[in-house]
Amino acid sequence: MSAVLAAFLDDYSAALGRHVAAPGQDGLTEGYDLGRRALVEGISLLDLTEHHYRAVAEYAGDPADPRSAEVALGFLLQTMAALDIATRGYLDGTRRYEQQRERAEDLAGRDAFRTALVESLQDGFFVADADGTIVEVNSAFGVLTGYGAGEVPFSLPHPWALSDREGYPQIGTEASRFVMPVRHRDGRERWLAVSASSLVKQENNERIFVGTVRDVTAEHDAQARDQAASRLATAVGAATSMVEVLAVGLDELRRTMGARTALVAVWPSRTGRPDLYSCGEPPSAENTGGTTEVTVTPVQSGTRAADTVTLDDEVKGLLDRSRRQPARGLSAITGEDGGVEAVVAPLGETGDAALWVRFGAPRAVSAADWALYSLLVGHLSVALQRARNFDQARATSLTLQRAMLGPIELPPRFSVHYEPALPPLEIGGDWYDVVPLRDGTIGVVVGDCVGRGLSAAVVMGQLRTAARALLLRGAGPAQLLAELDAVAARIPGAMCTTVCAAVLDPERGMVRYSNAGHMPPIIAPPGGPGRMLEGGRAVPLATFDTPRRPEATTALPPGATLVLFTDGLVEQRGYDIADGFVKIAEVLSETGAALPRDVADAVLSRLCPPAGYDDDVAMVVYRQPPAPLSLDIPAAAAELTGLRRNLYRWFATAAVPHDLAADLVAAANEACSNSVEHAYRDSTPGRVRLTATCEGDRVVIEVADGGRWIPTPTDPGFRGRGVEMMRVLTEDLEFDHDENGTRVRMWVTLPSITFPTANPLRGSTRPPAVAAGQISG
């Protein structure tokens, strides 16, 4: 027996004896304490029970006494109460442990099933906490992003997130369905469809996000290709010229492909040097090969003027070879590491244009990328070819229009202009005609048929021919319109045609005119206000029976400008027609010293709406010869500068072409210089008189002085060639010497104004296109 057990049993015997001798609550409490001590000291129940009965028999008196036996049993039960409580607690704990073990085994089975189920998913699976940290992923998630389960957790910002793509929600931060771009670990960009739900954990009320991700890169790329192609097709859909197509289409293609530079080379004659158009950064030579200075035209709206840059000769060769390839034959230019640095492709179907697109850095190009590039280049190629067909049809239409309009050769001091409306493919019914007559007068007719298209052009051609025949036969303006009434009544579609007919008499400075419902002409003296000629007005052709067409006459002041035009010049949507007349009058008063063609350009520019003319415009500008110019200056060299300036101004008023005016000023200056230098050599300096006059189509200049010139030597040497210069610069030269001095008379005949049948339009209604640069060898 151990000492602990012996001591415990002795204490138990003593306590039992005291309780039997004097039963009470104190004894029971002492027994309960002994039970707790037994539990702590590991006393066996058998040892306690056996010792109890021995002690009862030894210390409790007569065992047959029922009362003593009951008191002793109560003490034993009180002692064993603490042991009973411990035993039941142990049994309960054991039972709970068994239950928890069974539950844990069941949960372990469930977790294994869940893990197997999640791993079997083809979509990526993830679990994220409330802060957006990814705490669990499956293998498919690792395949889609490159970041697997062995690297969790992934806190914000996630390693696959694209910092330059703002506005997209991140995985595990929202409970919704969305598509977002990610950067795979290998550097590729992918698009993932995310489907996430928000849950609350029961044990701690924590919110978590559970969801799946699916690779939708192929679907996104296909949609992006369709959208890019649609944007490009829409952008170039309204373009009707090559420059307009390149201005909108080339920049859209460059941005969609993510390129740094896009350049198009066009060979106008299919040989020689191409015209270059670019957008983005200017092209530059980056290798050690041959280079060439080139002039490249930027095509973006509102960009700078043409740039002179250095272009790699290899790129020039690639463009030249590419334009000869089959249509849509894209070729890649690869770098040393295998990445694609640029793409070249032919444009159109005529073998005279090629495209070069350069990326900012070499890149890997997938099959989907090639499909997109091919689609975009195809749309640009088709748009460019359509624009060329449009330009060709436009040129054909305008050629036919001008051939019908005529005349190709005009008398001096005239300018005629025809401005087609937008779109300009339809032939219109506006026309003009200028007819020199036998008596020195000039007939002018401007008319406008109702409608557009070929039918209106047919009517216009017949009426124009009839009007010209009537003018050549000697009909005046009123008679011409009266007889055109009968002609128009027999031409289908000629009813309500408006016409203004006039006969100019430059010699007398008069104009007779009659107006059949047309826009009134406007006349302005040099520097004076313009005014409308409102006389001689009546109804349009073939509308009512008019017994007599009215006619009006007005003076043509020297140097006055007369303008006849059709209604397309002043009738514009959203504008008062009276404002158009005011603007024309203002332009005429400001351009009295300009050539007639410059006056017409100024009128068209001032009245042109932002979107261009929506109706055809036919216009005739005439300049009446100005009053003679008389200059009387001292015979001093310092006076010649002012003389030349006054001559130039007068020649512009007289509608003398600039090159011819320069020759006449040089000849007049030489004559005046001779008077200054030689006429008063041995006498007091006198004066030099210059007179310039218009005699019909001739411009005559006379220079006179009061001295005598030195005869021209046989060998003038380096000087003394002024007379020969004057003879070369003028049509004829006459000298008159007498006792009163020397007079020089020289003149030229003003040339007829020649207009090519298909001359380019001045004052175009379209946005100005920058002239393309050429490669200079």
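**A five-stranded sheet and its two helices**

In this predicted model, five strands form an open sheet in the order S25-S26-S27-S29-S28, and their pairing is antiparallel. Two of these strands lie at the edges: S25, made of residues 629-634, and S28, made of residues 732-738. Each edge strand pairs on one side only. As for how the strands are turned, neighbours in this sheet make an angle of 15° on average, with direction ignored. A general point helps when tracing such an arrangement: strands of a sheet pair through backbone hydrogen bonds, either parallel or antiparallel.

A good place to look is the pairing of strand S27 (residues 698-705) with strand S29 (residues 741-749). These two strands run antiparallel and are joined by eight bridges. Within this pairing, Arg 698 stands opposite Thr 749 of S29.

Two helices pack on the sheet, and each can be followed in turn. Helix H14, residues 640-653, touches S25, S26 (687-695) and S27. The direction of H14 makes about 175° with that of S25. Helix H15, residues 658-679, is in contact with S26, S27 and S29. The direction of H15 makes about 10° with that of S27.

Stepping back to the whole protein, the secondary structure comes to 16 helices and 31 strands. The protein has 777 residues, and 46% of them count as buried. Among contacts between residues at least 6 apart in sequence, 63% join residues at least 24 apart. Finally, the accessible surface of the protein comes to about 37900 Å², with 53% of that area belonging to carbon and sulfur atoms.

Terms used. Residues are numbered from 1 along each chain as its sequence is written. This is a predicted model: local features need pLDDT of at least 70, side-chain atom pairs count only at pLDDT 80 or more; totals for chains, interfaces and linings use all residues. Side-chain values use heavy atoms; hydrogens and water are left out. Two strands pair if DSSP finds at least two bridges between them. Helices (H or I, at least four residues) and strands (E, at least two) are DSSP runs, numbered from the N terminus. Axes are lines fitted to C-alpha atoms, for helices over the stretch in contact, and angles run from 0 to 180 degrees between N-to-C directions. Contact means heavy atoms within 4.5 Å. Buried means under 20% relative accessible area, exposed over 50%, partly exposed in between (1.4 Å probe, protein chains only). Accessible areas come from the Shrake-Rupley method with a 1.4 Å probe; for residues, only the protein chains shown count as cover.
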